Amino acid sequence: MFRRELEQPRHSEGREDAQRAGDPDQSAAHAGDYPVAVSTEPNYWSGEDYVVEFLGYRFGFNGEDFQQRVTAAGVKLGLLEGNELDEDETADLVELAADGVIQEARSGLGRYLVRHWERVSLVGGESLVYWLRKLVFRGAWLDHRVKEGLLEVAFDDQTGEFGYRDPRGGRALLELAPVPSWHELQFRH
């Protein structure tokens with residue numbers, strides 16, 4: 001694979017949304033209800049196939065890590081029903097997340113995205129490419145915080161979902177901001 005430098009998405013968030021979304025700069029700066037973040041190495045690095053700059057951080061991904069994160073982002077957004085994509089579908093989705101466009105579709109998913117781009121690219125004013133990239137970043141940022149011992153993964157029996165909490169027993173360090181939904185435009189085989 002080759003190294004791709006992803007352009008930082010041009011989308012601004014409010015301070016509150018950035019905190020909930022896990023913006024490390026905002027989380028560390030806000031000492032109100034949240035503890036001040038412990039200073040650690042902020043960058044996630046699993047390889048150099050894809051390099052993402054987002055919210056002032058630079059993350060490097062190997063090809064497989066990036067593919068898995070992009071696919072998971074597509075599922076989280078409702079664009080995909082599940083994460084069982086074939087090689088060509090994965091390549092098309094990764095190209096969209098990395099380059100912001102699919103030059104030549106290789107799969108039914110790629111053809112669907114190209115054919116319906118005017119409807120799929122923006123939902124409720126939210127950019128699909130931006131959200132794919134943001135969720136890749138968010139997942140890596142959270143994984144890095146767990147690895148550093150700054151967050152713990154916790155299962156909420158009431159909601160049936162995983163969340164993050166302060167390992168010292170305090171309240172949650174952050175709440176994940178909701179994501180827009182592409183469920184109505186979901187690709188189906």
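**Exercise 1. Contacts of Leu128**

Leaving aside its neighbours within four places in sequence, which residues is Leu128 in contact with?

Solution. The model is a predicted one.
Step 1. Set aside the residues within four places of Leu128 in sequence; the contacts that remain are Leu77, Leu79, Leu96, Leu113, Trp117, Val120, Ser121 and Trp182.
Step 2. Place Leu128 in the core. The largest nonpolar core has 39 residues, and Leu128 is among the five that touch the most other members, together with Phe61, Phe66, Leu93 and Leu113.
Step 3. List the elements behind this core. At least two residues each come from β2 (50-54), β3 (57-61), α3 (63-76), α4, α5 (108-115) and α7 (128-147). With eleven residues, α7 gives the most.
Step 4. Set this against the general pattern: nonpolar side chains tend to be buried together in soluble globular proteins.

**Exercise 2. Layout of the chain**

Describe the order of the elements and the share of buried residues.

Solution.
Step 1. Count the elements: seven helices and seven strands.
Step 2. Read them from the N terminus, which gives β-α-α-β-β-α-α-α-α-β-β-α-β-β.
Step 3. Turn to burial: of the 189 residues in the chain, 42% are buried.
Step 4. Take the contacts with a separation of 6 or more; residues 24 or more positions apart account for 57% of them.

**Exercise 3. Helix α4 and its ends**

Check the span of α4 and describe what lies at either end.

Solution.
Step 1. Work out the expected span. The 13 residues of α4 should cover 18 Å at 1.5 Å a residue, and the end C-alpha atoms are 18 Å apart, so the two values agree.
Step 2. Look at the start of α4, where a side-chain oxygen of Asp86 comes within 3.0 Å of the backbone nitrogen of Asp88.
Step 3. Look just past the end of α4: Gly100 has a positive phi of about 80 degrees.
Step 4. List the buried residues of α4, which are Glu89, Thr90, Asp92, Leu93, Val94, Glu95, Leu96, Ala97 and Ala98.

**Exercise 4. Two residues of α4**

Classify Thr90 and Asp88 by burial and give their contacts.

Solution.
Step 1. Locate both residues. Thr90 is found in α4, which covers residues 87-99, and Asp88 also lies in α4.
Step 2. Apply the cut-off to Thr90: its relative accessible area is 13%, and buried means under 20%, so Thr90 is buried.
Step 3. Apply the scale to Asp88: its relative accessibility is 36%, so Asp88 counts as partly exposed.
Step 4. Compare partners beyond four places in sequence. Thr90 touches Gln67, Thr71 and Leu85, whereas Asp88 is in contact with Arg106 and Ser107.
Step 5. Add a distance for Asp88: its C-alpha lies 8.6 Å from that of Leu109, and the two residues are 21 apart in sequence.

**Exercise 5. Helix α3 and its packing on α4**

Describe α3, then determine how α3 is oriented relative to α4.

Solution.
Step 1. Start with length. The 14 residues of α3 reach 20 Å from the first C-alpha to the last, close to the 20 Å expected at 1.5 Å a residue.
Step 2. Examine the ends. At the start of α3, a side-chain oxygen of Asn62 is within 3.1 Å of the backbone nitrogen of Glu64; after the helix comes Gly78, with a positive phi near 85 degrees.
Step 3. Take the angle: α3 and α4 pack at about 85 degrees, with axes 9 Å apart. That makes the two helices roughly perpendicular.
Step 4. Name the residues that meet: Phe66, Gln67, Val70 and Thr71 from α3, and Thr90, Leu93, Val94, Ala97 and Ala98 from α4.
Step 5. Follow Thr71 of α3. At 8% relative accessibility Thr71 counts as buried. Not counting residues up to four places away in sequence, Thr71 touches Leu80, Asn83, Leu85, Thr90 and Leu93.

**Exercise 6. Helices α4 and α7**

Find the relative orientation of α4 and α7, and name the residues that make the contact.

Solution.
Step 1. The axes come within 8 Å and cross at roughly 95 degrees.
Step 2. The helices α4 and α7 are therefore roughly perpendicular to each other.
Step 3. Leu93, Leu96, Ala97, Ala98 and Asp99 of α4 make the contact with Leu128, Val129, Leu132 and Arg133 of α7.
Step 4. Move along α7 to Phe137. Phe137 counts as buried, at 2% relative accessibility. Its C-alpha atom is separated by 9.1 Å from that of Tyr57, 80 residues apart along the chain.

Methods
Residues are numbered from 1 along each chain as its sequence is written. This is a predicted model: local features need pLDDT of at least 70, side-chain atom pairs count only at pLDDT 80 or more; totals for chains, interfaces and linings use all residues. Side-chain values use heavy atoms; hydrogens and water are left out. Helices (H or I, at least four residues) and strands (E, at least two) are DSSP runs, numbered from the N terminus. Buried means under 20% relative accessible area, exposed over 50%, partly exposed in between (1.4 Å probe, protein chains only). Contact means heavy atoms within 4.5 Å. A nonpolar core is a set of buried Ala, Val, Leu, Ile, Met, Phe, Trp, Tyr and Cys residues joined through side-chain atoms within 4.5 Å. The expected span of a helix is 1.5 Å times one less than its number of residues. A polar contact is a pair of N or O atoms within 3.5 Å; within protein, one must be able to donate a hydrogen and the other to accept it, and residues adjacent in sequence count only if both atoms are side-chain atoms. Axes are lines fitted to C-alpha atoms, for helices over the stretch in contact, and angles run from 0 to 180 degrees between N-to-C directions. Angles under 35 degrees count as roughly parallel, over 145 as roughly antiparallel, 65 to 115 as roughly perpendicular and the rest as oblique.
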